[in-house]
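User: I should like to understand how the terms used for a protein model are justified. May I put some questions to you about the structure shown here?

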Amino acid sequence: MGMPVTLLEAVKHFASVDHCREYLVAMRWPDGVVCPRCGSKAVYFDSGSNRWECKTRHPKRTFTLKTGTIFEDSPLGLDKWLPCVWLIANAKNGISSHEIGRALGVTQKTAWFMLQRIRLAMQDDENGGGKLGGDVEVDETYIGGKARNMHKAKRDRLGITKGRSMAGKVAVMGLLERHPEQGKSRIRLRGLDGRQKRHLQTPIAQEVELGSTIHTDALFSYQGLDRTYTHNVIDHAEAYVNGNVHTNGCENFWALLKRTIKGTYVSVEPFHLFRYLDEQSFRFNHRIATDAERFALAIAGILGKRLTYAELIAATDAGTV
């Protein structure tokens, strides 16, 4: 059987320990297995324990495919991990930990931890893509529950009043680089501490090349961008599109993101929101890839990343959105 192209084929293919090993070895060590601690190629494989040992004498000479990846120290086999990566990489509206738990035969708590580790692998390398350029749409949105659906006690705790409906929500900025070819535009997301000029224009300066054309709505905080960029403004009180001036690309992404959060994940801790943003932006930026290609891109991000459960739950007392 060749490389899988569908979920059914992936489940069958990665049910074999040998297939899991062959796939990850080819991805991780295309020029031959090397020790992840000293870089030596003088290693031998022990098929009985399914691990390698470095012939160079140093501490922690033995290692597995999981060493130095998001899978490290997990008692779960790769026959569960790899189908899980396939599922979340290709589920357009996300997939809940309850569903993963039922599908893989693990607890909801374990499934949630697995998904958070995979979201870490989906995280874009901030230094790898360079700055955005050309035509760039910039827009912001709020993620959080509707005040009218909250119990009065929760509204009081969050400080939500009739005039402060945004209290308890998290502001997120989207910067979308347009591309002349359909399906190749890409987006970057940033959490915001507010909507004042310093909150909005600082990430724009960090993420967008000088001289680019920026399209925004008529929010006052965007004023002054025309000093370093070509700044086009669309006033949504008058129209949503004026020729090439619009923020509809960002609006389309917000619709996908909120459908995922409200429909699949329902309640997300503000402390963890950035992980769900990484997940959705990963799928969006690779939306024209096949399922197998998206899976391979997610697997390519597992190296050199580690997330422990203690780190994950370090600040879950921040409330939910």
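User: How much area does the protein expose, and what share of it do carbon and sulfur atoms supply?

Analyst: The protein exposes about 16600 Å², and carbon and sulfur atoms supply 50% of that area. Accessible areas are computed by the Shrake-Rupley method with a 1.4 Å probe; for residues, only the protein chains shown count as cover. Please note that this is a predicted model, in which local features need pLDDT of at least 70 and side-chain atom pairs count only at pLDDT 80 or more, while totals for chains, interfaces and linings use all residues. Residues are numbered from 1 along each chain as its sequence is written, and side-chain values use heavy atoms, with hydrogens and water left out.

User: What makes Phe 14 and Tyr 23 an edge-to-face pair?

Analyst: A search of the whole structure finds 14 aromatic pairs. Rings of Phe, Tyr and Trp (its six-membered ring) pair if their centres lie within 6.5 Å; planes under 30 degrees apart are stacked, over 60 edge-to-face, and the rest tilted. The ring centres of Phe 14 and Tyr 23 are 5.5 Å apart and the planes stand at 75°, so the pair is edge-to-face. Phe 14 and Tyr 23 also belong to one aromatic cluster with Trp 86 and Phe 295.

User: Why does Phe 14 count as buried?

Analyst: Buried means under 20% relative accessible area, exposed over 50%, and partly exposed in between (1.4 Å probe, protein chains only). Phe 14 has 1% relative accessibility, and therefore counts as buried. Tyr 23, at 15%, counts as buried too.

User: Why is the pair of Trp 52 and Phe 63 called stacked?

Analyst: The centres of Trp 52 and Phe 63 are 5.9 Å apart, with 10° between the planes; an angle under 30 degrees counts as stacked. The pair links distant parts of the chain, 11 residues apart: Trp 52 lies in strand β2 (residues 51-54) and Phe 63 in strand β3 (residues 62-63). Strands (E, at least two residues) are DSSP runs, as are helices (H or I, at least four), numbered from the N terminus. Trp 52 is buried at 8%, and Phe 63 is buried at 1%.

User: How do you know that the charged end of Arg 117 sits over the ring of Phe 113?

Analyst: A charge sits over a ring if NZ of Lys or CZ of Arg is within 6 Å of the ring centre and within 35 degrees of the ring normal. The charged end of Arg 117 is 4.5 Å from the ring centre of Phe 113. Arg 119 lies over the face of Tyr 265, at 5.0 Å from the ring centre.
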